[in-house]
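Reader: I am new to this structure and would like a close look at a single part of it. Could you take me slowly through the place where the two chains come together?

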Amino acid sequence: MILELLAFLVLAATATLTALAALLVRELVHTILWVALFFVALSGFYFLVSAPFLGVLQLGVYAGAVTILLLFGVMVTRKRIFAREAATGLGPAPIALSLLVLVILATAATTVPSGTTQLSGFPIAALSTALFNVYGGWLLLLGLVMLPALAGSIYLVREDRE
Amino acid sequence: MTDLPLAGFVAVSAVLLGIGLFGILTRRNFILLLIAIEVAMNSAILNFVVFGSYWNSISASSVEGQSVAVVLIGLAATEVAVGLAIVLALNRSRGSINVAEATTLRL
């Protein structure tokens, strides 16, 4: 119990601090390194609540593919890769609005049932059965969303677009 | 069997959503905007997984939360791909990916 609690605390601190660092540092490349660490911390959460398949998926899709995609976007769109961002005006309104939402969410979080998450072993066969039988329609729908997204992306980056 | 309280995970998720919203509201770079949206979306996915795990401790081997999370991870990755296509088109037509300068829909 104490080890799991320690792991949870370390992961929570890592996720929060890396997310903050990713959105506050000035160099875009450093942002992407921080956000990769953030994705790894979240996959740690998934391993902790006995969802190992999701943990691996998070590592592969987010820490792998999405990070590389974002890095590619930075490489293509700027002349000097370590160029610094212009300082953003941290006006009071965004901070106040974020804090307001945070307070509302934290208040709502105190009303969640005082249960515990199950950390024991979990049959991965049950997930595959549910995913392809019960929720097969959702997966199909996801494919149907991805196909026009792919076509739209290709159309957007074409040179002779008319 | 060892368990962790549900409220802790929900609190982390709330903090991450607040951070993501803060990023969406303050940053003007399109790529940073995408990253902020990803942070907010990941907090939602974490909520799905954690509540699924909580439900799992009540009724044995229910996997609704994880199934939804798999679909959502795919959806978020798709969104990043489309967003980066928009970034490339914006960069080509305007020479900058500042969202404050993209004032017309035509790329």
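**Where the chains meet**

Author: In this predicted model, 63 residues of chain B are in contact with 71 residues of chain A. The side of chain B that touches chain A draws at least two residues from each of β1 (3-5), α1 (6-26), α2 (30-58) and α3 (64-94) of chain B, and α3(B) gives the most, with 20 residues. By kind, the residues on this side of chain B divide into 43 nonpolar, 16 polar and four charged.

Before looking closer at α3(B), it helps to have chain B as a whole in view. Its secondary structure comes to three helices and one strand, which run β-α-α-α from the N terminus on. The radius of gyration of chain B is 18 Å, well over the 13 Å that the globule rule gives for 107 residues, so chain B is more spread out than a compact globule. Along its principal axes, the C-alpha trace of chain B spans about 55 × 25 × 20 Å. Buried residues make up 50% of the 107 residues in chain B, and among its contacts between residues at least 6 apart in sequence, 44% join residues at least 24 apart.

Returning to α3(B), its partner across the chains is helix α3 (residues 52-77) of chain A, and the axes of these two helices come within 10 Å and cross at roughly 5°. Because angles under 35 degrees count as roughly parallel, α3(A) is roughly parallel to α3(B). On the chain A side, the residues that meet α3(B) include Leu54(A), Val61(A), Leu69(A) and Gly73(A), while on the chain B side those that meet α3(A) include Gln66(B), Ile73(B), Leu84(B) and Asn91(B). The residues of this helix-to-helix contact divide into 16 nonpolar, five polar and no charged.

One of these residues, Leu84(B), deserves a look of its own. Leu84(B) is found in helix α3 of chain B, and it counts as buried because it has 24 C-beta neighbours inside 10 Å, where 20 or more are needed. Leaving aside its neighbours within four places in sequence, Leu84(B) is in contact with Leu69(A) and Gly73(A), both of which belong to α3(A). Within chain B, the C-alpha atoms of Leu84(B) and Leu16(B), which are 68 residues apart along the chain, are separated by 23 Å.

Methods. Residues numbered from 1 in each chain as written. Chains lettered and ligands numbered in written order. Predicted model: local features only at pLDDT ≥ 70, side-chain atom pairs only at ≥ 80, totals over all residues. Contact = placed C-beta atoms within 7 Å. Helix = DSSP H or I, 4+ residues; strand = E, 2+ residues; numbered from the N terminus. Nonpolar A, V, L, I, M, F, W, Y, C, P; charged D, E, K, R; others polar. Buried ≥ 20, exposed ≤ 12 C-beta atoms within 10 Å, placed from the backbone. Axes fitted to C-alpha atoms, helices over the stretch in contact; angles between N-to-C directions. Parallel < 35°, antiparallel > 145°, perpendicular 65-115°, else oblique. Rg over C-alpha atoms; globule rule 2.2 N^0.38 Å.
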